[in-house]
Amino acid sequence: MSHLAAAAEQGFLSPTGVEIAFLLVGIATLGAAVVTVTTKQLVHAALWLVVALGGLAVEYLLLTAEFIAWVQVLIYVGSVVVLLLFGLMLTKAPIGRSPDADSGNRWAALTVAVAAAAALVWVVVDAFRTQWIDLDGPAQGSTRVTGEFLFQHWVLPFEALSVLLLAALVGAIVLSRKSDNDKEQR
Amino acid sequence: MHLAYPAVLAALLFCTGLYGVLARRNAILVLMSVELMLNAVNLNLVAFDVWLRDTLHAGQALTLFTIAIAAAEIGIGLSIVLMVYRNRGTSDVDKLRDTAEGRAADDAASALADKAAHEAAQKAEAAA
Amino acid sequence: MTTTTLAVLVPLLPFLGAVAGLLLGRTAPGFVRPLAVLPALAAAVLAVTVAVRQGGGKAIDASTQLTPTGSVPIDLALHIDGFAALVAVLVGVVATCVQLYSTGYLRDDPRYPSYAALVSLFTSAMLLVVYSGDLMVLLVGWEIMGICSYFLVGHYWETPEARAASLKAFLVTKLGDVPFLFGLFALAADAGTFRITGILGAVGSGGLDHPTLIALLLLAGVAGKSAQFPLHTWLPDAMAGPTPVSALIHAATMVAAGVYFVARLLPVFASSAAALTVLAVMAAVTMVGSALAALAQDDIKRVLAYSTIGQLGYMTGALAVGDRGAAVFHLISHGAFKALLFLGAGVIIHAVGTNSLAAMSRMSGLPKRIPDAYWTMTIALFALAAIPPFAGFFSKEAVLVAAEHASLGDTTGVPSGAGWTVLVAGLFTALLTAAYATRLWLLAFRGRGPAAPDHGKQPLVMNGVLWVLAVPSLAFGLAVTYLDDWFDGHALTPTVTTAVLGTGVALVGGLVTYGAWRHTTAMAARPPIGAVAAHPEDSPAVSEAEAIASHTPAYGDIAAAPDPADPGRLLLGPLHRHAAVGFHLDAVYHALFVRPVLAGAELVRFLDREVVETYVRGAGAVPRLLGAGVRRAQTGNVQTYLSALLAGSVVLAIAAVIVAAVGA
């Protein structure tokens with residue numbers, strides 16, 4: 001009920017500072033994401049991905065999920081993008097503009113994406129236009145809070161996830177190491 | 001904060017990633033687009049978690065798990081791409097058409113030709 | 001052994017010989033000749049024994065039932081009367097002669113084992129027909145002969161003529177056999193039995209309800225087998241077979257079967273005046289037409305073939321006037337001298353390397369080259385022309401006497417019209433027969449020109465067989481006074497009127513032909529036309545096969561040759577052209593049967609190709625098109641698949657939202 005009460009005194013035309021910040025960062029994030037998927041320069045795409053992921057980290061911060069924000073920065077920006085860059089280089093991706101970065105499927109992809117976007121945005125806006133997030137009160141994603149709920153309620157999935165990561169680690173090594181046959185051939 | 005902002009941003013990011021997955025030729029760029037889509041979902045999870053004030057914080061926990069799984073996925077995915085590249089001499093998704101009906105033989109032949117050309121170029125580079 | 005056991009052995013021995021010959025033909029070639037000759041010889045000896053024991057007395061009847069066959073019982077029955085005994089002797093003797101002759105004639109033929117086995121089987125089937133006392137069993141032999149004649153006529157199946165001739169022989173006789181089968185069933189239905197004795201008893205007590213229908217149906221089969229008008233066309237073409245086969249099939253066995261069948265069941269035919277009239281007209285047309293055609297043929301064997309048809313016409317004529325004794329008498333004497341003629345023709349063809357009389361008439365010295373064939377054929381031709389005292393004279397006179405009696409109304413149950421028809425036609429045919437016999441003799445043995453090529457001596461066995469057959473041709477007629485008892489009992493001796501008439505017209509025919517030959521022979525100075533095949537090293541059959549195959553290319557026709565020196569051409573005048581092709585009967589058949597069948601086949605082919613197949617193709621084409629469309633979707637590009645998948649998801653999601661919105 002308090003949401004409804006808050007809703008009565010808030011509106012689209014009177015954005016708060018957090019909302020303005022969220023909007024601006026969101027636009028930057030979206031722009032970076034769009035550039036990521038459209039740029040002709042492959043390495044630039046990875047760098048623009050850094051911008052988009054960093055923007056998302058800021059959005060997490062604005063949503064008071066501090067721990068996730070730092071995890072985002074650490075894992076995505078710090079490791080995943082580095083991995084991707086390594087992948088680009090190991091596959092000898094061309095440096096500079098490559099005219100064939102997009103496949104012939106582009107127009108079908110665009111149609112599907114725009115249709116999906118239209119449908120999703122319409123549904124989401126239609127569903128949540130009267131809903132507000134109450135960001136007041138104690139931070140909901142501080143490291144303390146996160147640690148508490150993660151190790152109180154989510155211990156078992158957490159541990160299972162560690163096994164998954166181990167399996168992924170082993171699998172990645174097995175897949176990417178050169179086989180004995182390859183060595184003999186070289 | 002209005003709930004529509006993160007929700008719409010997540011939807012748009014998701015669709016951007018979707019476009020990337022469908023339109024990008026290089027397999028690593030496709031993986032990047034997958035990351036974008038995963039992050040859009042993460043944003044949704046966090047936003048709704050905050051909105052609902054969930055006592056278990058299921059949204060944030062799942063976000064963390066998703067990030068971990070994404071890291072694992074990107075590792076496995078990259079190693080697969082590397083192996084494909086090593087075997088085929090290319091990491092272009094639309095050249096891997098071995099399952100095509102009828103033209104499979106031609107494509108396999110052209111892929112082999114591509115690989116041969118690629119290796120020739122490699123040798124030329126090494127010589128230079 | 002009892003007479004019955006001996007009689008059973010008569011058809012059985014050649015059958016066993018045929019089976020053994022077929023089984024051992026490849027593994028033990030040395031046994032093939034004994035296996036071919038000895039069973040036939042044994043069967044001939046046994047047939048003679050049976051005939052002696054039967055002695056023309058009361059008919060021997062024996063039967064055993066193999067298995068119950070329902071309302072109309074079928075028995076393995078023997079019915080040996082004088083007719084059966086004597087015809088069996090003829091078949092046995094001729095078959096033995098043919099088998100002996102074949103050992104020389106086809107001595108190097110690679111297909112000799114199967115040939116000999118088929119001849120044995122053929123002989124066995126004919127003996128079965130002769131002795132059988134049950135019509136169903138008779139039919140078995142009848143049909144075996146049909147299929148054997150198909151194989152034997154087609155012995156030289158490398159040549160298209162032989163292939164066509166064997167098919168024609170089979171189809172034309174089958175054309176008659178279908179009504180024949182119906183006639184047999186109708187007869188059995190009326191008489192209540194297939195046993196000949198039972199049927200004859202039923203006829204005697206007036207038990208047949210439809211005698212005319214049955215007789216006409218049976219006549220169709222008889223006309224097919226015995227080569228009577230209008231189903232005779234297969235016989236001249238069947239000359240494409242080896243000469244011994246011609247001698248066997250077309251002198252003593254197959255064609256004799258029809259006449260013999262009518263002779264056995266003559267009371268059935270005699271109970272219908274209409275059937276007798278039809279038989280008489282058929283006989284008259286057959287004998288006159290075939291004699292005219294024989295006068296125009298160039299192939300020596302075709303002359304003999306048409307002559308066979310004509311002589312069979314005499315036999316059916318005798319049957320038409322109700323005298324089966326005369327018919328079978330002529331059947332036996334004709335079997336002897338016609339076999340001799342065919343076998344002699346085989347020797348001639350081998351000696352001169354051609355079957356064309358036109359080519360033979362331009363060679364001299366043939367009598368010196370093959371004296372045996374010359375003398376025996378002269379005897380046989382005298383017999384054929386019915387010059388006393390040869391066999392043919394007595395048997396033909398018996399026929400003419402019977403016809404005279406019938407025409408004067410002395411024979412009960414026979415319309416006198418039938419008698420007159422047979423008598424007039426018989427006398428006219430006697431003239432023509434003498435004419436073509438003289439022509440054959442003159443052209444073959446009295447040729448002018450370079451000496452006939454020497455192709456070596458004829459095999460002894462072939463010449464020996466000729467002399468064996470010459471004996472009955474010469475002397476069988478003298479036995480006429482002893483034959484009365486064997487047949488129905490009335491005299492077969494010639495009367496003065498018919499003897500003078502018959503011999504007179506025969507002499508006239510012969511002399512006229514001689515005159516015509518003297519007139520035309522001046523034109524024979526030109527070199528021989530046509531090809532001559534000479535293979536002195538090979539067996540005689542090789543020369544014959546080549547002669548048959550080369551006749552059409554050399555003369556433009558299988559039957560006739562454009563020879564101005566031919567006396568037949570002068571005698572027939574404008575008729576020659578038609579007579580040479582058998583009075584266009586083949587063309588008529590072609591128009592009546594072959595062309596409609598071909599057109600029907602073409603129609604069916606069209607319907608199948610264009611109509612039915614269109615449906616089938618359409619049924620295949622639609623899934624194929626669909627498949628092609630679906631194939632196109634399988635590009636192998638994962639992104640395309642994913643695009644389609646997600647597009648579908650979006651559409652579904654939108655649809656769900658809209659439905660929810662409308663519902664709300």
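This is a short talk on how three chains of a predicted model touch one another, and on a few of their helices.

Hi everyone, thanks for coming. Please keep in mind throughout that we are looking at a prediction.

Let's start with chains A and B. On the chain A side, 77 residues make contact, and they meet 61 residues of chain B. Which elements of chain A are involved? Those giving two or more residues to the side that touches chain B are α2 (17–38), α3 (42–62), α4 (66–90), α5 (106–128), α6 (143–153) and α7 (155–176). The biggest giver is α5(A), with 13 residues. As for chemistry, this side of chain A has 53 nonpolar residues, 18 polar ones and six charged ones.

Staying with chain A, there is a record to set beside the model. An unreviewed UniProt entry annotates "transmembrane region" at residues 20–38, 45–63, 69–95, 107–125 and 154–176 of chain A. I'd like to show you two of those spans. Residues 107–125 of chain A are 100% helix and 0% strand, with 26 Å between the end C-alpha atoms. Residues 69–95 of chain A are 81% helix, again with 0% strand, and their end C-alpha atoms are 31 Å apart.

Now over to chain B. Its secondary structure is four helices and zero strands, so to speak an α-α-α-α pattern when you read along the sequence. Of the 128 residues in chain B, 54% are buried. Among contacts in chain B with a separation of 6 or more, 49% join residues 24 or more positions apart.

Chain B also touches chain C. Here 13 residues of chain B meet ten residues of chain C. On the chain B side, α1 (4–23) and α4 (104–127) each supply at least two residues, and α1(B) gives the most, with three residues. By class, that side of chain B holds six nonpolar, two polar and five charged residues.

Last stop: a helix pair inside chain C. How do α8 (residues 211–225) and α13 (residues 273–296) of chain C cross? Their axes come within 9 Å, at an angle of roughly 25°. Angles under 35 degrees count as roughly parallel, and therefore α8(C) and α13(C) are roughly parallel to each other. If you want to find the contact on screen, look in α8(C) for C:T212, C:A215, C:L216, C:L219 and C:A223, which meet C:A274, C:A275, C:V278, C:L279 and C:M282 in α13(C). That contact has nine nonpolar residues, one polar and no charged ones.

That's it from me, thanks for listening!

Technical notes. Residues numbered from 1 in each chain as written. Chains lettered and ligands numbered in written order. Predicted model: local features only at pLDDT ≥ 70, side-chain atom pairs only at ≥ 80, totals over all residues. Contact = placed C-beta atoms within 7 Å. Nonpolar A, V, L, I, M, F, W, Y, C, P; charged D, E, K, R; others polar. UniProt positions renumbered as here; feature names shortened; annotations may be inferred. Buried ≥ 20, exposed ≤ 12 C-beta atoms within 10 Å, placed from the backbone. Axes fitted to C-alpha atoms, helices over the stretch in contact; angles between N-to-C directions. Parallel < 35°, antiparallel > 145°, perpendicular 65-115°, else oblique.
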